[in-house]
Amino acid sequence: MTSSTATTVSIGGDLSVGRVGFGAMQLTGKQVWGDYPDHEQGIALLRAVVDAGVTFIDTADVYGPHSNELLIREALHPYPEELVIATKGGFVRGGYDYSTLDAVGNPNYLRQSAHMSARRLGVDSIDLYYLHSGQATDAPFEEQVATLAALKEEGLIRHIGLSNVTAAQFELAQSITPIDAVTALYNVGNRRGVDLQRAAEAAGAVFSPWHPVSIQDGGDPERIAAALAPIAHNHDASVHQIALAWLLHRADNVLPIPGTTSVDHLASNLGAAAIRLTDDEVTAITALVPEAA
């Protein structure tokens with residue numbers, strides 16, 4: 001992978017968005033359950049996101065569930081023409097406890113989920129719709145992907161994405177219908193999604209890493225922080241900004257979606273896009289964690 005200085009990324013060849021998106025998941029209750037407790041502050045933050053120039057917002061029907069999509073609509077509808085909203089379907093929650101989270105692939109459920117997300121968001125067509133998990137066992141994976149392909153043919157979905165899938169599932173899905181985006185855990189401390197990132201880059205699909213500024217997902221966060229600190233000092237930046245900047249230098253198809261409930265942190269995240277790491281700095285950060293396929 002070569003170092004990238006691109007300022008935009010293209011989803012499916014026709015949706016151009018800025019390199020740093022916004023993950024809206026934190027605008028829910030504790031454990032991503034229920035409404036965001038400060039409703040007015042949530043509305044204000046989403047409006048600040050758009051005012052700051054962010055053109056990509058990521059959500060899902062299971063965030064809340066449902067309340068995150070509704071909050072986005074209340075804050076931003078009618079949406080600016082340049083704003084792209086991605087949502088997801090295929091996860092269900094049976095209650096506050098994370099143990100109630102499960103994947104559902106039933107075609108009728110996926111169809112209902114997409115229609116209800118469009119209704120909650122107030123759109124006729126969803127810009128980018130992800131299958132939220134490749135782990136459902138109640139329907140073959142190929143059938144789930146074919147369901148989204150049919151929804152695209154019907155005009156309800158503009159572009160199809162995959163979340164929480166393997167590189168092999170991505171390749172299989174690509175044989176059924178174009179997959180324009182994938183999302184997975186991938187950051188300076190944890191490269192679990194590296195196979196998927198490489199497959200997406202080869203196919204020309206967007207790779208949207210989640211937990212992009214985290215240094216806590218790997219086994220040695222103190223070592224990671226210590227390695228990033230002098231680089232951060234050289235750029236008059238924070239360690240988390242360097243973590244995000246590193247992702248932006250990995251490849252032109254990378255679209256991180258950091259989430260926050262703070263306007264100050266939002267500004268910090270967006271500021272990372274202006275940081276220009278040297279090739280040696282990118283190489284040194286990349287070498288901190290193995291990226292074996």
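This is a short walk through the sheet, two helix contacts and an aromatic pair in a predicted model.

Let's start with the sheet. It is open and has seven strands. The order runs E3-E4-E5-E8-E9-E10-E11, and the pairing is parallel. As a reminder, strands of a sheet pair through backbone hydrogen bonds, either parallel or antiparallel.

Which strands stand at the edges? They are E3, residues 22–23, and E11, residues 206–210. Each has a single partner strand, so one side of each is left without a neighbour in the sheet.

Stay with the E11 edge. Strand E10 covers residues 181–185. E10 pairs with E11 in the parallel sense, over five bridges. Find Leu-185 on your screen. Opposite Leu-185 stands Trp-210, in E11.

Now the aromatics, in the same part of the model. The count comes to two aromatic pairs. Here is one of them: Tyr-186 with Phe-207. Its ring centres are 5.7 Å apart, and the planes make an angle of 80 degrees. That is edge-to-face, because planes over 60 degrees apart fall in that class. Where do the two residues sit in the chain? Tyr-186 is in the loop between E10 and helix H6, which spans 194–203. Phe-207 is in strand E11. They are 21 residues apart, so to speak of distant parts of the chain being linked is fair here.

On to the helices. Two packed helices are described by the angle between their axes and the distance between the axes.

Take H4 and H5 to begin with. H4 is residues 141–153, and H5 is residues 167–174. Their axes come within 10 Å and cross at roughly 50 degrees. That makes H4 oblique to H5. The crossing is right-handed. Which residues make the contact? From H4 we have Phe-141, Glu-142 and Val-145. From H5 we have Gln-169, Leu-172 and Ala-173. By class, four of these are nonpolar, one is polar and one is charged.

Next, H8 and H10. H8 runs over residues 239–250, H10 over 279–286. Here the angle is about 105 degrees, with the axes 10 Å apart. H8 and H10 are therefore roughly perpendicular to each other. H8 brings Ile-242, Trp-246, His-249 and Arg-250 to the contact. H10 brings Val-282, Ile-285 and Thr-286. This contact has four nonpolar, two polar and one charged residues.

To recap the helices: H4 is oblique to H5, while H8 and H10 are roughly perpendicular.

Technical notes: Residues numbered from 1 in each chain as written. Predicted model: local features only at pLDDT ≥ 70, side-chain atom pairs only at ≥ 80, totals over all residues. Heavy atoms only, no water. Pairing = 2+ DSSP bridges. Helix = DSSP H or I, 4+ residues; strand = E, 2+ residues; numbered from the N terminus. Axes fitted to C-alpha atoms, helices over the stretch in contact; angles between N-to-C directions. Parallel < 35°, antiparallel > 145°, perpendicular 65-115°, else oblique. Left-handed = near helix turned anticlockwise from the far one by under 90°. Contact = heavy atoms within 4.5 Å. Nonpolar A, V, L, I, M, F, W, Y, C, P; charged D, E, K, R; others polar. Phe/Tyr/Trp six-rings, centres within 6.5 Å; stacked < 30°, edge-to-face > 60°.
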